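Trainee: I have a new structure open and no idea where to begin. Can you walk me through it?

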Amino acid sequence: MSTGRTVGQDTVLRILGGTADDYDRIVDESTGKLDHRWKQWMLERMEAPREVLDLASGTGILSFLILDRFPDCHLTGVDLQADYQAVARGRSEQRGLTERTTWVHSPVEDAELPDGHYDLVTSCYVPKYADRPVLAANLWRWCAPGAHVLLHDFTHPQDPRIERYLKKQYDLWLAKVQRDHPHWVHCFEDLYDIVKDSPWATDFGPLLEAQGFVDVQLHSLNNGLAAVLEARKPS
Ligand SMILES: C[S@@+](CC[C@H](N)C(=O)[O-])C[C@H]1O[C@@H](n2cnc3c(N)ncnc32)[C@H](O)[C@@H]1O
């Protein structure tokens, strides 16, 4: 349930439950491959990490891009949905990456992870869902000195023409999933308003600064359809 600031885990389970098997294809198609471009944008900013924490790692789309790009790193993925994480675990077994990966089944708010351990923390699509004050405090605790943080999510575009275009895309996708993929209907019914109502892009940066993070910057991408919040823990 939404608390105003936080969408909540029950909403996540309601809108994404049962979608693990075709998640990768639907996110790729419904974003017109922007999801892949946004992840590539994040990869370009990474600096040969050793210990990576990927929050809300889902089926592991970003996790495996990072593991491929940086062959010396170890990655810990945290996600609250067991079926999404089962896909990620299966992929790491198929690809011989079990020794380089740890999968933690937990909400990011409650995950038990080592303090001061990670030199890169990433996430795609968790800022709008998570309890951000709790997550900001956890990030501070889990990050090693000098750690780099890259948190990506959808944002609601300010330009009315882009906003109209986006709403039309959601409506088209809702009609398509009602016809072909009914297990996605809750997601396409609710996601537009969840993103529109989320203050994550304005409230999360100040929460990170209040913890002590520096160089906090919000990078707006593709006409305000998404953003990446970047920060560092001082060395
Ligand atoms: C849209 S999927 C994105 C998955 C992955 N990051 C990607 O980009 O492919 C959102 C993911 O966030 C997870 N999630 C949402 N809120 C969460 C929370 N509070 N703690 C842990 N995982 C969460 C969901 O279970 C889901 O796997």
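Mentor: We will go through the sheet, then the core, then the ligand. Keep in mind that this is a predicted model.

Trainee: Fine. What is the strand order in the open sheet of seven strands?

Mentor: The order is β3-β2-β1-β4-β5-β7-β6, and the pairing is mixed.

Trainee: Which are the edge strands?

Mentor: They are β3, residues 101–105, and β6, residues 214–221, and each of them pairs on one side only. From one strand to the next, the twist averages 15°.

Trainee: What does pairing involve, in general?

Mentor: Strands of a sheet pair through backbone hydrogen bonds, in a parallel or an antiparallel way.

Trainee: Then take β5 and β7. How many bridges join them?

Mentor: Seven bridges join β5 (residues 143–154) to β7 (residues 226–232), and the two strands run antiparallel. To find the register, look at D153, whose bridge partner in β7 is A227. H152 stands opposite V228 in β7.

Trainee: And how many bridges join β6 to β7?

Mentor: Six, and these strands also run antiparallel. Here Q217 has E230 in β7 as its bridge partner.

Trainee: What about the hairpin of β6 and β7: how many residues lie between the strands?

Mentor: Four, and in this hairpin N222 takes a positive phi near 50°.

Trainee: Is β7 mostly covered or mostly exposed?

Mentor: Mostly covered: six of the seven residues in β7 are buried.

Trainee: On to the core, then. How many residues does the largest nonpolar core have?

Mentor: It has 56, and the residues with the most contacts inside it are Y118, V121, L139, C143 and V149. Strand β5 gives the largest share of this core, six residues.

Trainee: Pick C143. What does it touch?

Mentor: Leaving out residues up to four places away in sequence, C143 touches Y118, V121, V149 and K233.

Trainee: Change of topic: the ligand. How many residues surround it, and which are the closest?

Mentor: There are 22 around the ligand, the closest being A56, G58, Q81, C124 and Y129.

Trainee: Which elements give two or more residues to that shell?

Mentor: Those are α1 (9–16), α4 (61–69) and β2 (74–79). The largest share, three residues, comes from α1.

Trainee: And what is the shell around the ligand like by class?

Mentor: It has 15 nonpolar residues, five polar and two charged.

Trainee: Good, I will start with the sheet and work round to the ligand.

Definitions and conventions:
Residues are numbered from 1 along each chain as its sequence is written. This is a predicted model: local features need pLDDT of at least 70, side-chain atom pairs count only at pLDDT 80 or more; totals for chains, interfaces and linings use all residues. A residue is near a molecule or strand if its C-beta atom, placed from the backbone, lies within 6 Å of it. Ala, Val, Leu, Ile, Met, Phe, Trp, Tyr, Cys and Pro count as nonpolar, Asp, Glu, Lys and Arg as charged, and the others, Gly among them, as polar. Two strands pair if DSSP finds at least two bridges between them. Axes are lines fitted to C-alpha atoms, for helices over the stretch in contact, and angles run from 0 to 180 degrees between N-to-C directions. A nonpolar core is a set of buried Ala, Val, Leu, Ile, Met, Phe, Trp, Tyr and Cys residues joined through C-beta atoms within 7 Å. A residue is buried if 20 or more other C-beta atoms lie within 10 Å of its own, exposed if 12 or fewer, and partly exposed in between; C-beta atoms are placed from the backbone. Two residues are in contact if their C-beta atoms, placed from the backbone, lie within 7 Å.
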